[in-house]
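Trainee: Could you walk me slowly through how the strands are put together into sheets here? I'd like the pairing spelled out.

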Amino acid sequence: MKPFAYARPGDVTEAVRSAAAEAASVYLAGGTNLVDHLKLGVARPELVIDVRTLTSREITDLADGGLRIGAAVTNSELAADRRVRERYPVLAQALLAGATGQLRNMATAGGNPLQRTRCTYFQDVTTACNKREPGSGCSAVGGATRQHAILGTPAALPDPTAPETCIATHPSDMAVALAVLEATVHVQGPGGARAVPFTELHRPPGDDPSRDTVLQHGELITAIDLPAPPAGARSAYRKVRDRASYAFALVSVAALVTVADGRATDVRIALGGVAHKPWRATRAEEILRGAEPTEHAVRAAMEAELAAAQPQPGVDGGNGFKIPLATRTVVAAVRDLVREA
Ligand code: SF4
């Protein structure tokens with residue numbers, strides 16, 4: 001492991017100041033992803049700033065009926081909170097679908113959405129990877145693509161040597177739930193405090209795959225707000241993976257549905273495991289809003305959503321299976337929520 005300096009500042013202001021002063025610095029919270037990257041040589045910071053105890057570890061009620069989640073709240077604490085289980089089941093289920101009990105005891109609300117892709121090549125420093133080493137190329141294109149993206153990728157077969165090529169997926173389950181709940185992220189940075197809509201936190205690879213989010217260097221997540229759930233809404237999370245636990249999603253679905261008089265008055269669908277960011281299925285949502293949410297209607301809406309999907313060939317058989325899998329998983333999730341409603 002490359003040696004680095006370690007700092008434990010007294011408060012958020014001091015942490016942000018330390019980060020701003022050292023370009024090669026990173027924040028450490030639960031460390032469940034960063035420590036692996038330090039050992040593997042994927043992350044090579046000069047300075048690690050421990051923020052674990054600097055932000056709130058409380059979940060507090062908001063005046064509008066929502067909840068504020070302090071960034072230091074652990075995934076286990078969040079999943080077990082009675083208000084979360086009752087009012088935001090999609091979030092509790094997503095958290096429990098992720099990692100293992102031991103990891104959830106360490107991972108934090110602020111850190112979970114910032115975990116990095118589990119693309120095999122990203123974690124293997126002997127391979128070319130634009131996300132880890134900008135401009136080096138993308139080893140996934142033409143390699144193993146089973147875990148990779150089908151949405152938000154270039155229309156043609158991506159060029160493995162182009163510096164902007166990246167077909168990685170975002171691995172967080174929690175982030176898919178927060179996208180459907182339309183959470184807000186509070187950050188503190190060198191330029192002051194700001195709030196970022198959760199659906200805008202993560203970014204597509206664009207021309208710089210090394211950046212996963214819109215956060216600037218030194219910005220620290222301090223809290224995440226959940227708005228009050230819509231009256232009568234039902235929500236759930238479904239995850240499909242290669243083994244029953246401790247595996248990342250091939251496809252996951254966070255769904256929230258409100259039904260009145262047999263019609264869907266509010267439908268929100270987010271997909272995990274299919275894109276560089278949690279993917280809100282806005283096309284499908286538009287089609288279903290106001291419609292009778294039959295299995296046939298949901299399937300047709302998802303087919304419209306996935307018409308733009310670009311499955312990637314691969315030495316492992318590729319990832320074209322994600323298109324029917326995503327459709328079937330959404331159909332099943334919405335069907336169960338409509339039955340409950
Ligand atoms: Fe790197 Fe992205 Fe290509 Fe994976 S898909 S090797 S993370 S550039």
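Mentor: Sure, here's the strand pairing, one sheet at a time. Heads up, this is a predicted model, with local features needing pLDDT of at least 70, side-chain atom pairs pLDDT 80 or more, and totals for chains, interfaces and linings using all residues. Residues count from 1 along each chain as its sequence is written, and side-chain values use heavy atoms, without hydrogens or water.

Start with the open sheet of 4 strands (DSSP E runs of at least two residues, numbered from the N terminus). Its order is E9-E10-E11-E12, and the pairing (at least two DSSP bridges between strands) is antiparallel. At the edges stand E9 (234–240) and E12 (279–280); each has a single partner strand, so one side of each lacks a neighbour in the sheet. Further in, E10, residues 251–260, runs antiparallel to E11, residues 263–272, and 9 bridges join them. One example is Val 259, whose bridge partner in E11 is Ala 264. Then there's a helix (an H or I run of at least four residues) on this sheet. Helix H10, residues 322–340, packs there and touches E9, E10 and E11 (heavy atoms within 4.5 Å). The direction of H10 makes about 35° with that of E10 (lines fitted to C-alpha atoms, for helices over the stretch in contact, with N-to-C angles from 0 to 180 degrees).

Now for the other sheet, which is open too and has 3 strands in the order E1-E3-E2, paired in parallel. Here E1 (5–7) and E2 (25–28) take the edges with a single partner strand each, so each has one side without a neighbour in the sheet. From one strand to the next, the twist averages 25°. E1 pairs with E3, residues 47–50, in the parallel sense over 3 bridges. If you want a residue to click on, try Tyr 6, whose bridge partner in E3 is Val 48.
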